[in-house]
Amino acid sequence: MKEALVFVLALALPVAAQVKKDSRKTGIDRDPDIVHLSDFTDQPVELAVVKEAPVFATKTGARKLGVLKTGQTVVIEAMTDRAYKVRGQGQRHGVSGWVAPWAFASDDPEFVENLKKLYHRQIEVAALIAEKRAALGMTEEEVGLALGKPTKTTVKQTAEATTGRWEFIDYEDVRHYRHVRDPYSGQVFRQLSHVTREEKGKTVVEFENGIVSSLEESEQRRGAPVKIVVPPVTIVW
């Protein structure tokens with residue numbers, strides 16, 4: 001059995017493009033319902049084929065391309081909540097397409113269920129990133145993609161855990177004036193005195209071992225209620 005791997009979202013684009021930041025895009029890359037495994041790990045996610053299964057050209061099971069043979073190991077390239085996109089050996093030649101999860105086996109009996117959890121988590125996180133919102137359970141990288149570069153960061157290391165604090169502060173320039181009387185005309189007019197940079201709103205995100213554990217927003221920034229997402233899913237294969 002290979003070591004457990006924690007999949008972490010590495011999206012660099014909004015929810016509509018769940019792919020790496022790469023100029024080589026295909027039709028499948030533009031589908032927001034598809035999660036690509038290469039976005040989370042450079043290691044191939046391999047599964048054994050234990051049942052012959054039809055291979056389809058689309059995620060919905062349209063246009064049969066062939067039959068995936070048993071007794072081989074294939075790599076999952078992408079997934080939806082109901083199918084995996086794999087590349088393997090068919091009855092006569094190589095075949096690449098969408099196959100139902102029941103055709104595969106893993107050393108982990110919870111593998112299929114964990115993949116479903118991973119899929120739904122990544123869809124939810126990608127939507128939050130597109131909305132520029134952070135949530136409990138996100139990773140540091142996901143928060144960075146959602147909110148950008150923090151204004152201030154602090155890190156604390158203890159024997160039990162590594163904790164961190166990111167502050168995102170909105171500033172605005174406030175112009176201050178004074179009233180001045182013209183000595184010749186006697187008219188009173190406003191004159192710029194100075195400009196101060198003042199805090200307009202703030203979001204504070206606290207992490208424990210790289211996962212958001214606390215989220216605080218000032219009244220000016222407060223919008224929808226804070227969301228909670230499942231932390232990164234551990235997958236064994």
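Select Glu142 and Arg121 to begin. A polar contact of 2.9 Å joins their side chains. The model on screen is predicted.

**Stop 1: around Glu142**

Keep Glu142 selected and show the secondary structure. Glu142 belongs to helix 2, which covers residues 140–147. Is Glu142 buried or exposed? Its relative accessibility is 0%, so Glu142 counts as buried. Now add Thr139. Its backbone nitrogen lies 2.9 Å from a polar atom of the Glu142 side chain. The Glu142 side chain thus has two partners to display: the side chain of Arg121 and the backbone nitrogen of Thr139.

**Stop 2: the whole chain**

Zoom out. The protein chain holds two helices and 14 strands. Colour by accessibility: 35% of the 237 residues count as buried. Then turn to the contacts in the chain with a separation of 6 or more. Residues 24 or more positions apart account for 54% of them.

**Stop 3: a four-stranded sheet**

Select strands 10, 11, 12 and 13. They form an open sheet in the order 10-11-12-13, and the pairing is antiparallel. Which strands lie at the edges? They are strand 10 (152–157) and strand 13 (211–217), each pairing on one side only. From one strand to the next, the twist averages 25°.

Now keep strand 12, residues 188–208, together with strand 13. Six bridges connect this antiparallel pair. To see one bridge pairing, pick Thr203. Its bridge partner in strand 13 is Glu217.

**Stop 4: Glu167**

Go to strand 11, residues 162–181, and select Glu167 there. Glu167 has a relative accessible area of 11%, so it is buried. Next, show its side chain with that of Arg165. The two make a polar contact of 3.1 Å.

Expand the selection around Glu167. Leaving aside neighbours within four places in sequence, Glu167 is in contact with Pro150, Thr151, Lys152, Lys202, Thr203 and Val204. Thr203 is the residue whose bridge partner in strand 13 is Glu217. Add a C-alpha distance from Glu167 to Thr153. It reads 6.4 Å, for residues 14 apart in sequence.

**Stop 5: aromatic pairs**

Show the aromatic side chains. How many aromatic pairs does a search of the whole structure find? It finds three. A pair of rings is described by the distance of the centres and the angle of the planes.

Start with Tyr84 and Phe104. Their ring centres are 5.8 Å apart and their planes meet at 35°, so this pair is tilted. Tyr84 is in strand 7 (residues 84–89) and Phe104 is in strand 9 (residues 104–105). With these positions 20 residues apart, the pair links distant parts of the chain. Both Tyr84 and Phe104 are buried.

Move to Trp166 and Phe168. This pair is edge-to-face, at 6.3 Å centre to centre and 65° between the planes. Trp166 has 15% relative accessibility, so it counts as buried. Phe168 also counts as buried, because its relative accessibility is 4%. Add Phe207 to the selection. Trp166, Phe168 and Phe207 form one aromatic cluster.

**Stop 6: a charge over a ring**

Finish with Arg190 and Tyr177. Where does the charged end of Arg190 sit? It sits over the ring of Tyr177, 4.0 Å from the ring centre.

Technical notes:
Residues numbered from 1 in each chain as written. Predicted model: local features only at pLDDT ≥ 70, side-chain atom pairs only at ≥ 80, totals over all residues. Heavy atoms only, no water. Pairing = 2+ DSSP bridges. Axes fitted to C-alpha atoms, helices over the stretch in contact; angles between N-to-C directions. Phe/Tyr/Trp six-rings, centres within 6.5 Å; stacked < 30°, edge-to-face > 60°. Buried < 20%, exposed > 50% of the residue type's maximum accessible area, 1.4 Å probe, protein only. Lys NZ or Arg CZ within 6 Å of the ring centre and 35° of its normal. Contact = heavy atoms within 4.5 Å. Polar contact = N/O pair within 3.5 Å; in protein donor to acceptor, adjacent residues only side chain to side chain.
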